[in-house]
Amino acid sequence: MVSSSKIALSAYELVEEVKVGSISVEDYIASMIERIGSMDERINAYITLNDHALEEARMIDKMVKGYSNDNGSYATKSLLGVPLAVKDNISTQGIRTTCASRMLEDYVPLYDATVVKRLKGAGAIVIGKTNMDEFGMGSTTEFSAFGATHNPWVYERVAGGSSGGSAAALAACMASIALGSDTGGSVRCPASFCSIYGLKPTYGLLSRYGLISYANSLECIGLMARSVLDLALMLKVAAGSDMQNDHTSIDANSSISLDLESMNHDLKGMRFATIREIVESEGTDEPVRDSMFDALSSVERLGAVVEEVSIPSLRYALASYYTIAMAEASSNLARYDGVRYGYTAQPDGVAWNEFYSKIRSNFGSEVKRRIMLGTYVLSSGYYGRYYMKAQKARALIRDEMLKVLNHYNAIMLPTMPILPPRIGERISDPLRLYMVDICTVIANLAGIPALSIPYSMYNGLPIGVQFMARHLDEPLLLRIAYALESARGDKVRRCMI
Amino acid sequence: MVGVEEVRHLAHLARIGMKEEELRLYTEQINEILTYFNMLDELDIGNDIEPYRMSREYKAMRDDIPVAFSAGNALSNAKNVKGRFIKAPKMG
């Protein structure tokens, strides 16, 4: 078995040890599975484990020892033997993929999502599928048919959502890297609440092929890691155009260069903007504001200039975001009819509409609420008032954000305006829960990349800081994170052992 | 404001079976959320602003080549299977 300090290795450290043969991947994966067995009953990060993980690990060990005829190609694999947690709305061939919904409780995909295929191709091993808010609809991972995920730092608090299982698995060292999805903050929120890194890439940089649709125009597969270098490794492998997804950016491959080793450890010459409407909002908790101002001083010490700007149209961001997300959800989730896959019933002698309505009554409460509202805003008579207005607001917000980014390298904000709430504290008031997404949805509306960086702790509760940049400027976000990580020393415990 | 009957109609349009107490709860919550969305009304955006469309920036076309699954694989997630067919409720 592998020691607990080894279990906490970053992915790039692990890969180095695997390649020189000082760690057996089989031992490593076995130790991690054992760790999940002993910890996950309390945390509930995983829905399903990969039964073939050990077998895949043994194959990698054989390659490294030269017992297989791969002609040494393992040496080029940048994620060799790295345990990868995958959010349960991302398709994995042969591994159950539920979206944390009763509607898909026994669905097994026939193919891998492009991003999963790419990471596996680089040597990563899918260790399991992680808990989430049903179909990605939520900010706490409490709306799951498999129970809430607990925050590894403080068990009675939520892990954030909707990719809460992936974030909790990483924070508790039950995986080395993880995939989430981000429609309005679903990677960044749990990353902030669990003190890890969470990147929502530029819309179109990573293929959405195999990501089970909720709100296509907003959502992206996102990357989660415990260190900046791990995030960079993942991004290099996962990014790029894909003919299976007609919304990937054609020029993405050529635009991304990620040579972190040569990066400066300072931020000299950088100009960042904070947004007055958010920082000064009554909805922002005091400890979060304090942490934000502390982070602001940190980047100034590293040489950056920070100025405050105003984006008045952000007042409409949540109304615009939720109108569009719900409209797209009502259309996307119409496919769950219980005929070809998923939850079903005996069809004999039952009329179509009756059957369809009965099957679909098994969606969870938040999913039903969003489908109903989405149906309403798209219905005759309300389409112009809600949906079209929301799309116009989106265009306005996007234009104003891009104008700010013409003058500044990045926008700096808290990731979440609140500390991680107690489990059960917010779930009964949907509108109040939507309000906490204010700092994150704006990146999805604008299609720009955003990174949540673990920054500080308040009474044992993690607080993140977030940076947003121009389209395809992920390298800048990583550079900022790297500078902060280098300067921070041991300010944040990166991992719970 | 929407009433219980309107929410019942929405549930029918979305084909989601709902109990009476659920309809009452959703009516209350939907009204609260729509009241919030109503702020979009005050937004003074004339016709000079085009609604957002994703297709402005991203485009990639591929040849439409079918991917073949074996019948066994293609049907592996269906439960009401008869031979090479999936049984469904009758239409109408």
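Reader: What makes A:Ile480 count as buried?

Author: In this predicted model, A:Ile480 has 26 C-beta neighbours inside 10 Å. A residue is buried if 20 or more other C-beta atoms lie within 10 Å of its own. The value of 26 therefore places A:Ile480 among the buried residues.

Reader: Where does A:Ile480 lie, and which residues does A:Ile480 touch, not counting residues up to four places away in sequence?

Author: A:Ile480 belongs to helix α18 of chain A, residues 474–488. With residues up to four places away in sequence left out, A:Ile480 touches A:Leu267, A:Ala410 and A:Phe467. A:Met401 is 79 residues from A:Ile480 in sequence, and the two C-alpha atoms are 19 Å apart in space.

Reader: What makes strand β9 of chain A mostly covered?

Author: Strand β9(A) spans residues 410–414, and 5 of its 5 residues are buried.

Reader: How do you know that β9(A) pairs with strand β7 and with strand β11 of chain A?

Author: Two strands pair if at least two bridges are found between them. Strand β7(A), residues 271–275, is joined to β9(A) by 2 bridges, and these strands run parallel. In that pairing A:Phe272 stands opposite A:Ala410 of β9(A). Strand β11(A), residues 461–469, and β9(A) have 5 bridges in the antiparallel sense. Here A:Leu413 stands opposite A:Gln466 of β11(A). With 2 bridges to β7(A) and 5 to β11(A), both pairs meet the requirement of at least two.

Reader: Which strands make up the sheet of chain A, and why are β1 and β8 called edge strands?

Author: The open sheet has 11 strands in the order β1-β3-β2-β4-β6-β5-β10-β11-β9-β7-β8, with mixed pairing. Strands β1 (46–49) and β8 (305–309) of chain A each pair on one side only, and they are the edge strands. From one strand to the next, the twist averages 30°. Within this chain, strand β5 (residues 197–200) and strand β10 (residues 450–458) run antiparallel and are joined by 3 bridges. The bridge partner of A:Gly198 in β10(A) is A:Ser452.

Reader: Why are the buried residues of helix α2 of chain A said to be on the same side?

Author: In α2(A), residues 11–19, the residues A:Ala11, A:Leu14, A:Val15 and A:Val18 are buried. They cover an arc of only 100° around the axis, and therefore lie on the same side of α2(A). Their cover includes α3 (25–43), α4 (53–65), β4 (177–182), β6 (220–225) and α8 (228–238) of chain A. After α2(A) comes A:Gly21, with a positive phi near 80°.

Reader: Why are helices α1 and α2 of chain B called roughly perpendicular?

Author: The axes of α1(B), residues 4–13, and α2(B), residues 20–37, come within 9 Å and cross at roughly 100°. Angles of 65 to 115 degrees count as roughly perpendicular, so the two helices fall in that class. On the α1(B) side the contact involves B:Val4, B:Val7, B:Arg8 and B:Ala11, which meet B:Leu23, B:Arg24, B:Tyr26, B:Thr27 and B:Ile30 of α2(B). By class, the residues of this contact are 6 nonpolar, 1 polar and 2 charged.

Reader: How many residues bring chain B and chain A into contact, and which helix of chain B gives the most?

Author: In chain B, 43 residues are in contact with 53 residues of chain A. Helices α1 and α2 of chain B each supply at least two residues of the side that touches chain A, and α2(B) gives the most, with 7 residues. This side of chain B has 28 nonpolar, 7 polar and 8 charged residues.

Terms used. Residues numbered from 1 in each chain as written. Chains lettered and ligands numbered in written order. Predicted model: local features only at pLDDT ≥ 70, side-chain atom pairs only at ≥ 80, totals over all residues. Axes fitted to C-alpha atoms, helices over the stretch in contact; angles between N-to-C directions. Parallel < 35°, antiparallel > 145°, perpendicular 65-115°, else oblique. Contact = placed C-beta atoms within 7 Å. Nonpolar A, V, L, I, M, F, W, Y, C, P; charged D, E, K, R; others polar. Buried ≥ 20, exposed ≤ 12 C-beta atoms within 10 Å, placed from the backbone. Arc of directions from axis to C-beta.
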